[in-house]
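Thanks for passing this one along. Here are my notes, in the order I would go through them with you at the screen.

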Amino acid sequence: MRHELTARALVAVVFWPSLFFFWFLGPFVLFLLSTTSSEVCQRLETRAEFLAAANGTLPMLIVQTLIYAVPIACLVLWNRLSPEPARARHIATCIKLFAVAAVVAAVWDYGSSLICDGYGQAFFSTAWRMTSYLPIIGLLVNAPLYVLVFSLGRAYSTRDDISEDGVVHPSQDNS
């Protein structure tokens, strides 16, 4: 019991800061960086330059997705430490929502890098211009994901032996 409580506390030490800094502050920082840059977009003249610039964003997209996956990984670890079927179903829902959100964000980032040429030239189909609507879809997916991850994190990081009135109840099994 003692080792399980310690492990759960260590996961909480990773979960809460990553949730706060990566999920809540991260999008604002990225937005500020993207709007305060000195050059709105590069001046690209050929289709090859477009593709090279867009493909150059792929490693950063992968790193960004891996960083954003830290709270989800913490939920999975918590579930391994103290499995509960109802929470496991919610974690599976979180994983699915996260996968959809990651794909939507990646397509939006990649697509927006294809449509910015500095000259207004259209090298690619108008389908890529439709990616400007993906942040709305991302918001619709991320809102329930954030609420579900926050509530699961709160449930997992709360001690089981403390009642709502704050009284610590000793564990029934003496492990």
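The points below go from the overall fold to the aromatic pairs, the charged groups, the core and a few single residues.

1. **Status and fold.** Please keep in mind that this is a predicted model. The chain has seven helices and zero strands, so in order from the N terminus the elements read α-α-α-α-α-α-α.

2. **Contacts and surface.** Among contacts in the chain with a separation of 6 or more, 83% join residues 24 or more positions apart. Of the 175 residues, 25% are buried. The chain exposes about 11,500 Å², and carbon and sulfur atoms supply 69% of that area.

3. **Trp16 and Phe150.** The structure holds eight aromatic pairs, and two of them deserve a closer look. In one, the ring centres of Trp16 and Phe150 are 5.4 Å apart with the planes at 80°, which is over the 60 degrees needed, so the pair counts as edge-to-face. Trp16 belongs to helix H1 (residues 2-35) and Phe150 to helix H7 (residues 134-157); with their positions 134 residues apart, the pair links distant parts of the chain. How accessible are Trp16 and Phe150? Trp16 is partly exposed at 27% relative accessibility, and Phe150 is also partly exposed, with a relative accessible area of 39%.

4. **Phe24 and Tyr146.** This pair is edge-to-face as well, with 5.5 Å from centre to centre and 80° between the planes. Because Phe24 lies in helix H1 and Tyr146 in helix H7, the pair ties together parts that are 122 residues apart in sequence. Phe24 has a relative accessible area of 29%, which makes it partly exposed. Tyr146 falls into that class too, at 24% relative accessibility.

5. **The aromatic cluster.** Which residues form one aromatic cluster? They are Phe15, Trp16, Trp78, Phe150 and Tyr156. Trp16 and Phe150 thus return here from point 3, while Tyr156 leads on to the charged groups: the charged end of Arg87 sits over the ring of Tyr156, 4.7 Å from the ring centre.

6. **The salt bridge.** How many salt bridges are there? The count comes to one. Glu84 and Arg87 form a salt bridge, and their closest N and O atoms are 3.7 Å apart. Are the two partners buried or partly exposed? Arg87 counts as buried because its relative accessibility is 16%, under the 20% limit. Glu84, at 34%, counts as partly exposed.

7. **The largest nonpolar core.** In soluble globular proteins, nonpolar side chains tend to be buried together. Here the largest nonpolar core has 18 residues, and Trp23, Leu75, Cys94 and Val149 touch the most other members. Helices H1, H4 (70-81), H5 and H7 each supply at least two residues of this core.

8. **Around Trp23.** What does Trp23 touch, once neighbours within four places in sequence are left aside? Trp23 is in contact with Ser18, Tyr68, Pro71, Ile72, Phe98, Leu145, Tyr146 and Val149. Two names in that list have come up already: Tyr146 is the partner of Phe24 in point 4, and Val149 is among the core residues named in point 7.

9. **Asn79 and Ser82.** Asn79 is in helix H4, and it counts as buried at 18% relative accessibility. Not counting residues up to four places away in sequence, Asn79 touches Glu84, Ala88, Ile91 and Tyr156. Ser82 is placed in the loop between H4 and H5. Its relative accessible area of 13% is under 20%, so Ser82 is buried. With neighbours within four places set aside, Ser82 is in contact with Glu4, Arg8 and Tyr156. Tyr156 therefore appears in the contacts of Asn79 and in those of Ser82.

10. **Val100.** This residue is found in helix H5 (residues 85-115). Val100 is partly exposed, with a relative accessible area of 41%. The C-alpha atoms of Val100 and Gly138 are separated by 8.4 Å, and the two residues are 38 apart along the chain.

Key:
Residues numbered from 1 in each chain as written. Predicted model: local features only at pLDDT ≥ 70, side-chain atom pairs only at ≥ 80, totals over all residues. Heavy atoms only, no water. Helix = DSSP H or I, 4+ residues; strand = E, 2+ residues; numbered from the N terminus. Buried < 20%, exposed > 50% of the residue type's maximum accessible area, 1.4 Å probe, protein only. Contact = heavy atoms within 4.5 Å. Areas by Shrake-Rupley, 256 points an atom, 1.4 Å probe, with all protein chains shown as cover. Phe/Tyr/Trp six-rings, centres within 6.5 Å; stacked < 30°, edge-to-face > 60°. Lys NZ or Arg CZ within 6 Å of the ring centre and 35° of its normal. Salt bridge = Lys/Arg side-chain N within 4 Å of Asp/Glu carboxyl O. Core = buried A, V, L, I, M, F, W, Y, C linked by side-chain atoms within 4.5 Å.
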